[in-house]
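I opened my notebook to get to know a new structure. Here is what I looked up, entry by entry, for anyone meeting it for the same purpose.

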Amino acid sequence: EREFLDRLGAALPPPDPGASVRLWVDRSFTIRGSGTVVTGTLGAGTLTVGDELELDGRTVRVRALESLGRQASTVAPVARVAVNLRGVDRSAVRRGAALVTPDRFTFVDVIDVRVHGDPVADLPATVTMHVGSTAVPAHVRPLGTDTARLRLDRPLPLRIGDRALLRDPGRHHVAGGLTVLDVAPPPLGRRGSARDRA
């Protein structure tokens, strides 16, 4: 198993330290005298003390960083990181929120996707989409045998090529993975437009 994981890891593309930051928050807590801290995995981009980032539409500043139990002035990917934020109360941060580079992501709630797993026709009308550390209900409109339009219950910072999982909450079943194909899909108004879109 360890050899397989080593080979799998070696085959992955190298992380891009110059990319925009999108840190999915998996925990948030308060440290007395320091304020709000969020944790997550930095998959791309670089975090530096003093950076201005965006969290749920508001600007926050990085007060301090810690990775692998050590204080750091800069953290490059891939790394587990704790980010001490100035300008935000812990109660305003939820698991699954995304800490992002300002003006680099569009938050979208309608996406076209390719599903890798169950046929789209077998998906229930509502599934749960898991991306990063967030889970959001998504309403499914089939387009083709392996393509669908998802309407998310809340906007997320997604890009073309992002990968996610779909879960059928009623059957406690992972329906498959997905690849985001379009984050600004055209409306489906006329008869046959879903088939044409597929």
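**Entry 1: Isoleucine 31**

I began with isoleucine 31, which has its place in strand 2. I kept in mind that this is a predicted model. Is isoleucine 31 buried, partly exposed or exposed? I found a relative accessibility of 38% for isoleucine 31, so it counts as partly exposed. A residue has to be under 20% to count as buried and over 50% to count as exposed.

I then asked what stands opposite isoleucine 31 in strand 3. The residue there is glycine 35. I also looked up a residue farther along the chain: asparagine 84 is 53 residues away from isoleucine 31 in sequence, and their C-alpha atoms are separated by 8.9 Å.

**Entry 2: Strand 3 and its partners**

Next I turned to strand 3, which covers residues 35-42. How many of its 8 residues are buried? I noted 6, so strand 3 is largely enclosed by the rest of the structure.

I followed the pairing on each partner in turn. Strand 2 (residues 27-31) runs antiparallel to strand 3, and 5 bridges join them. Threonine 30 has threonine 36 in strand 3 as its bridge partner. The two strands form a hairpin with 3 residues between them. In that turn I noticed glycine 33, with a positive phi of about 85°.

The other partner I looked up was strand 9 (residues 79-86), which pairs with strand 3 over 7 bridges in the antiparallel sense. Here threonine 41 stands opposite arginine 80. I jotted down a general reminder too: side chains in a regular strand alternate between the two faces of the sheet.

**Entry 3: The largest pocket**

Threonine 41 came up again when I looked at the largest pocket. I read a volume of about 650 Å³ for this pocket. Its lining has 20 residues, and the closest to the centre are Arg22, Thr41, Gly43, Ala44 and Val78. I split the lining by type and got 10 nonpolar, 5 polar and 5 charged residues.

**Entry 4: Serine 20**

I moved on to serine 20, in the loop between helix 1 (2-11) and strand 1 (22-24). Its relative accessibility is 12%, so serine 20 counts as buried. Which side chain makes a polar contact with the side chain of serine 20? I found that of arginine 104, at 3.3 Å. Leaving out residues up to four places away in sequence, serine 20 touches Ala44, Gly45, Thr101, Arg104, Phe105 and Arg159. Ala44 was familiar to me from the pocket lining.

**Entry 5: Threonine 179**

My last residue was threonine 179, in strand 16 (residues 173-182). I noted that threonine 179 counts as buried because its relative accessibility is 16%. Its side chain makes a polar contact with the side chain of arginine 163, at 3.3 Å. Not counting neighbours within four places in sequence, the residues in contact with threonine 179 are Asp112, Val113, Arg114, His116, Gly161, Asp162 and Arg163.

**Entry 6: The whole chain**

I finished by stepping back. I counted 2 helices and 16 strands in the protein chain. The C-alpha trace spans about 60 × 45 × 30 Å along its principal axes. Of the 198 residues, 40% are buried. I also looked at contacts between residues at least 6 apart in sequence: 64% of them join residues at least 24 apart.

Note on methods: Residues numbered from 1 in each chain as written. Predicted model: local features only at pLDDT ≥ 70, side-chain atom pairs only at ≥ 80, totals over all residues. Heavy atoms only, no water. Helix = DSSP H or I, 4+ residues; strand = E, 2+ residues; numbered from the N terminus. Buried < 20%, exposed > 50% of the residue type's maximum accessible area, 1.4 Å probe, protein only. Polar contact = N/O pair within 3.5 Å; in protein donor to acceptor, adjacent residues only side chain to side chain. Contact = heavy atoms within 4.5 Å. 1 Å grid on protein atoms, 1.4 Å probe; cavity = no way out; pocket = protein on both sides within 12 Å on 5 of 7 lines; lining within 4 Å. Points joined across faces, edges and corners; volume = space filled by probe spheres on them. Nonpolar A, V, L, I, M, F, W, Y, C, P; charged D, E, K, R; others polar. Pairing = 2+ DSSP bridges.
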